[in-house]
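How much space lies in the largest cavity of this protein, and which residues line it? The report below takes up that question and then turns to the chain as a whole.

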Amino acid sequence: MKTKYILPLLLLGFGAVSCNDFLDEDVRGQENLDTYFEGAEDAQSFITGCYNAITNYTWWTVERVWILSDMCTDDYWMGNTSQNQEEYISLAHYQGVGQSNGSISDFWQYRYKGILSCNIALDRIPAVDMDEDVKARLIAEAKFLRGYFYFELVKNFGGVPLVTGFMMPHEVEGITRSSLDDCYAFIEKDFADAAAVLPSRNELAASEVGRATSGAALGLLGKAQVYHGDFKAAKETLAKLIETNQYSLMSDFGQVWDIDHENNRESIFEVQNIYDETYKLGGNIPMISGNRDSGDMDGWGWGVPTANLENAYIEAGDTERLRWTIIKSGDMTIAGEDNMPGLVAKQGDRNGNGSYYINPSANKSQRVSRKYYIPFDKRPAKFDKEGLSPLNHIILRYADVLLLYAEACNETGDDVSARKALNDVRNRVNLPSVTTSGSDLRNDIRRERRLELATEGHRLYDIRRWTDDNGKKVACNLFGPNGSFVLWNTGSSADPVEAANQKEASNKGATFVEGRDLVFPIPLYEVTMSEGRIEQNPGWQ
């Protein structure tokens, strides 16, 4: 399903109400919901619009928060030290003043717009005269996407208002936040309902690749159950997915995010991007996080790997995943880059030795993410002009599922199964099998999640939910004035390149507050417009 459509009917009120003041005529040029769903084609088109809401095909609504989430961890700096950082620094550096942050305000708004689209689909499609099996599938896809949108909100904000059906604006007035447990119950039911109806991966036609499957629904259900702390249920759900034998690890780690291996056997659900110069179509993350100053610009430089992350690979002896995760200034080769001379020539050989150049005054760490890097000969003609690329974005992959399953098994006392799943991931990159158990195995699983999934937007939600041996969340031990990450970057272990560039301060996270910073603030406009009925998260004024 690698195509693009204009998202239908996403205007306030969706044209559902005509205006009596204008001779009882509907607004011309605007669809009326009462007449829109006339057949199967309309229903299918509308569901496609619900898929489009995953990213809205622009960088500022959703994708920059995916990057921001890693900026709030020990894996990423904000990175760009040549531009104004106000859209990120309040949250990425835990300054406690992010209530009006534009990134999360847009994210909140557009996630709810996606939910609104799904609710309309669930309200109207059941009455459409069409094949009942197709209808059931479309309804399941709408539930899958609604569950995903709510999961994204809950991961970032905690309990949120649950709008469970299509409502007009006046019907939503007075709504309050639901509890975290109620939100997870709703999310898990949507995923479970979808998993019971959606086709398996093997049942998809080539033209349907990218649409939700029963495997994707089971995978996100299991992930939501892990995040909710229901490890027994998560173990059962993820085991069911694993036992389908429809997914497996790619033998070569470098192929996971390879533009030539999209929708591979490891991918469970991914955003389908296609580049089109005329219609301005494509994904944005490769440009958002690309090398800002490399001659003719390769990117905007937001979100760059930390030396601390690189050191984690070095300590683990993990050379394979390191080279496919981090690119450094001065590298003579880049994993998967077959035209290093062409790339360096474009940059102007600014190191003078044929190596890759990253401007130290424009990039905090002189590093960029390899996972979002597009090899030189595979870039669109206007890659450095338009900010668009054809690289798909993976939301869920099998390695993530295996590590979630390992965690659920360990938490429920099944260390044999936990080790098996963990070692499958480790052995893929030629690391030795672990033999640990109990809390030591727990720590091995957590370490593996960082190394395997770095820069993919999972780290923040892991360190927020994991509890350390001292009873504090991992994030609380990484950040704060005595946090291990803060001390690592401000003491003798500090990376010289990062220490030399204080346009982004190296003490990121020193002002982290335990009772405040395990969730983002509810956007201030939402609290204000609700006259306080939607309560702010603790610690945010």
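In this predicted model, the largest cavity holds about 260 Å³ of space, and the structure has seven cavities of 30 Å³ or more. The lining of the largest cavity is made up of 24 residues, and those that lie nearest its centre are Trp-66, Glu-152, Lys-155, Glu-456 and Gly-457. Several elements contribute to this lining, since helix H3 (59-71), helix H6 (132-157), helix H9 (214-228) and strand E6 (393-397) each supply at least two of its residues. The classes of the lining residues are set out in the table.

| Class of lining residue, largest cavity | Number of residues |
|---|---|
| Nonpolar | 13 residues |
| Polar | six residues |
| Charged | five residues |

The protein chain around these cavities has 23 helices and six strands. Its radius of gyration is 23 Å, close to the 24 Å that the globule rule gives for 541 residues, so the chain is as compact as a globular protein of that length. Along the principal axes, the C-alpha atoms fill a box of roughly 75 × 55 × 50 Å.

Of the 541 residues, 61% count as buried, a class that takes in residues under 20% relative accessible area. Among the contacts with a separation of 6 or more, 68% are between residues 24 or more positions apart. The accessible surface of the protein chain comes to about 21,100 Å², and carbon and sulfur atoms account for 50% of that surface.

Notes: Residues are numbered from 1 along each chain as its sequence is written. This is a predicted model: local features need pLDDT of at least 70, side-chain atom pairs count only at pLDDT 80 or more; totals for chains, interfaces and linings use all residues. Side-chain values use heavy atoms; hydrogens and water are left out. On a 1 Å grid over the protein atoms alone, a cavity is a set of points where a 1.4 Å probe fits but cannot get out, and a pocket is an open set with protein on both sides within 12 Å along at least five of seven lines; lining residues have an atom within 4 Å of a point. Grid points are joined across faces, edges and corners, and a volume is the space filled by probe spheres set on the points. Helices (H or I, at least four residues) and strands (E, at least two) are DSSP runs, numbered from the N terminus. Ala, Val, Leu, Ile, Met, Phe, Trp, Tyr, Cys and Pro count as nonpolar, Asp, Glu, Lys and Arg as charged, and the others, Gly among them, as polar. The radius of gyration is taken over C-alpha atoms; the globule rule is 2.2 Å times the number of residues to the power 0.38. Buried means under 20% relative accessible area, exposed over 50%, partly exposed in between (1.4 Å probe, protein chains only). Contact means heavy atoms within 4.5 Å. Accessible areas come from the Shrake-Rupley method with a 1.4 Å probe; for residues, only the protein chains shown count as cover.
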